Amino acid sequence: MRCVVIAGAVWSALWLAGCPYSVVAEGFDARPPGRDAAVADAAAADGAAIDRAGADRQQPDQLPVECDQDNDTYQSVACGGGDCDDNDSSVHPGAAERCSFVDENCDQQNNEGLDCTFVACGSSVLYRIDPFRQTVTQSTQVTLPDSHGLLDIDIDTNGQLMAVTANGLYAVSSSGQMSLVANVTTPTNTNGMAIDSHGAIFITNKDGVNSGAYTVDRATGSLTLIGDLTPYVSSGDCVQTKDDSLYMTAPNPADMSKDLLVYVDSHTAATHSIGATGFGEVYGLSASFGFLFGVTDFGDVIEIDRSTGAGRLLFHSSGLRFWGAANGD
Ligand SMILES: [Ca+2]
Ligand SMILES: [Ca+2]
Ligand SMILES: [Ca+2]
C-alpha cells in the first residue's frame with residue numbers, strides 16, 4: 001500500500017493503514033496529549049484533503065494498532081497521546097472517575113472528588129476507611145445504650161447504618177447515636193451481620209464448636225435459624241455482596257490462626273471454602289465499590305479476591321482493632 005503524506009496533516013498520517021508508525025514518528029512531531037474530539041475533527045478535515053488530492057482515503061478510526069491497543073480511540077502516552085493505560089478501554093482522558101485503585105481519567109489523581117470510604121467498627125467506635133488512599137479518615141465514638149458493645153454493623157437498603165449488639169438491633173447516626181429498632185436476643189457470641197439487597201438481615205455466631213446462620217425479623221426481632229455452618233465456624237463477619245451472595249470468614253481447620261473465605265448458601269447455610277485469605281482474625285468484611293475488603297483485629301485492611309479467597313494487605317493501622325465492617329456503596 002502506498003504511504004501518503006499530506007502537507008500540514010500531522011496525525012492524520014497515523015490513519016493511513018499500511019504506513020508503519022515509525023514513518024510517522026520519524027517524520028512528524030509527536031502528537032499532543034489528549035485525543036480526541038480534536039483528532040476526530042482533524043481526521044475529517046484531513047480526510048477531505050486526502051480526497052481532494054485523490055489519494056487513498058482511510059477510515060478515520062484506523063489509528064495505528066500499536067498506539068491504541070485497547071481500541072478506545074485514545075492514543076497511548078508512549079505515542080504522545082493521553083491514554084495512561086492503553087490496555088484498558090475504561091481508562092482514558094475524560095473517562096468517569098470511580099472508586100478504584102486506578103486513575104480512570106488520566107489526570108494523575110485517583111478518586112478525586114469521590115467519597116471512597118466504608119465504615120468499620122470497634123467495640124464502641126466507628127471508623128471510616130479509605131482502602132484506596134489507605135487511610136482511616138474519621139473515627140466516631142458510639143454512645144452505647146448499655147454495657148453491650150457493637151458486634152457488627154452493616155448498611156441497610158435505605159443507606160442507614162445498622163448495628164447489632166448482644167440484645168438489640170439499632171440504627172446508628174453519623175454522630176454515633178444509637179436508636180433501638182428491635183430487641184433481639186442474639187445467639188451466643190454473635191459476630192457477623194449482613195443485609196442483602198432486599199433488606200433481609202443475616203447474622204452468624206460462633207458458640208464453641210458450633211456456628212450458625214440466622215435471619216432476624218426487623219419488625220419483631222425474632223430469630224430464625226437457617227442452619228449450622230459446619231464444618232466451619234464464623235470468625236468474625238459475614239457479608240452480602242451486591243449479587244446477594246453470602247460469604248463469611250472462618251478459621252482454616254488446617255491452620256486455625258488464619259481465616260478462609262467461605263461461601264454460605266443463604267437458604268440452607270451450606271458452606272464451601274473459597275480459599276485461604278492468608279490473614280487471621282478477619283472480623284470485618286465489606287463489599288464496596290466492586291471490591292471485597294476485610295479488616296482484622298490486628299488493624300489490617302486487606303483486599304480479598306472473591307474468586308480465590310486470597311487476601312493482600314493494603315495497609316496496617318497500628319493500634320486499631322476492627323471488629324466489624326459495613327458495605328460502602
Ligand atoms: Ca487507547
Ligand atoms: Ca479511580
Ligand atoms: Ca483521576
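Colleague: In the hairpin of strand 16 and strand 17, which residue takes a positive phi?

Modeller: In this predicted model, Phe 289 takes a positive phi near 60°, in a hairpin with two residues between the strands.

Colleague: How do you know that strand 16 and strand 17 pair?

Modeller: Pairing requires at least two bridges between the strands. Strand 16 and strand 17 (residues 291–296) are joined by six bridges and run antiparallel, so the requirement is met. In one of these bridges Ser 286 of strand 16 has Phe 293 as its partner in strand 17.

Colleague: What makes strand 16 "mostly covered"?

Modeller: A residue is called buried if 20 or more other C-beta atoms lie within 10 Å of its own. In strand 16 (residues 282–288), seven of the seven residues are buried. The description therefore follows from that count.

Colleague: Why is Gln 108 called exposed?

Modeller: The limit for an exposed residue is 12 or fewer C-beta neighbours. Gln 108 has 8 inside 10 Å, and therefore counts as exposed. Gln 108 is placed in the loop between helix 2 (37–53) and strand 1 (118–121). Although Gln 108 is not a glycine, the phi there is positive, at about 65°.

Colleague: Why does Asp 244 count as exposed, with 12 C-beta neighbours?

Modeller: The category includes 12 itself, since the condition reads 12 or fewer. Asp 244 has 12 C-beta neighbours inside 10 Å, so the residue counts as exposed. Asp 244 belongs to the loop between strand 12 and strand 13 (246–252). Its phi is positive, about 60°, although Asp 244 is not a glycine.

Colleague: What makes Ser 175 exposed, and where does this residue lie?

Modeller: Ser 175 has 10 C-beta neighbours inside 10 Å, and on that ground counts as exposed. The residue lies in the loop between strand 6 (168–172) and strand 7 (178–183). The C-alpha atom of Ser 175 is separated by 7.6 Å from that of Val 142, and the two residues are 33 apart along the chain.

Colleague: In the sheet of order 8-9-10-11, what makes strand 8 and strand 11 edge strands?

Modeller: The four strands form an open sheet with antiparallel pairing. Strand 8 (190–195) and strand 11 (223–228) each have a single partner strand, so one side of each lacks a neighbour in the sheet. Neighbouring strands of this sheet are turned by 25° against each other on average, direction ignored.

Colleague: How do you know that strand 9 and strand 10 are paired?

Modeller: Four bridges link strand 9 (residues 201–205) to strand 10 (residues 212–216) in the antiparallel sense. At least two bridges are needed, so the two strands count as paired. Among these bridges is that of Ile 201 with Val 216.

Colleague: Which residues of strand 1 point one way, and which the other?

Modeller: Phe 118 and Ala 120 point one way, whereas Val 119 and Cys 121 point the other way, and all are buried. Such alternation between the two faces of the sheet is what a regular strand shows.

Colleague: Which residues stand opposite Cys 121 in strand 2 and strand 20?

Modeller: In strand 2 the residue opposite Cys 121 is Leu 126, and in strand 20 its bridge partner is Gly 324. Strand 1 is joined antiparallel to strand 2 (residues 125–130) by four bridges, and antiparallel to strand 20 (residues 324–325) by two bridges. Pairing takes at least two bridges, so the two that reach strand 20 satisfy the cut-off. Strand 1 and strand 2 also form a hairpin with three residues between them.

Colleague: Which residues touch the most other members of the largest nonpolar core?

Modeller: Val 119, Ala 120, Phe 202, Cys 238, Tyr 247 and Val 264 do, in a core of 65 residues. Leaving aside residues up to four places away in sequence, Tyr 247 touches several residues, including Cys 238, Leu 261, Val 264 and Leu 285.

Colleague: Where is the pLDDT below 50?

Modeller: The mean pLDDT of the protein chain is 84, and 81% of its residues reach 70 or more. Over residues 1–60, however, the pLDDT is below 50, although this stretch has 73 contacts in the model beyond near neighbours in sequence. Where pLDDT is low, the predicted coordinates should not be read in detail.

Terms used. Residues numbered from 1 in each chain as written. Chains lettered and ligands numbered in written order. Predicted model: local features only at pLDDT ≥ 70, side-chain atom pairs only at ≥ 80, totals over all residues. pLDDT = per-residue confidence, 0-100. Contact = placed C-beta atoms within 7 Å. Core = buried A, V, L, I, M, F, W, Y, C linked by C-beta atoms within 7 Å. Axes fitted to C-alpha atoms, helices over the stretch in contact; angles between N-to-C directions.
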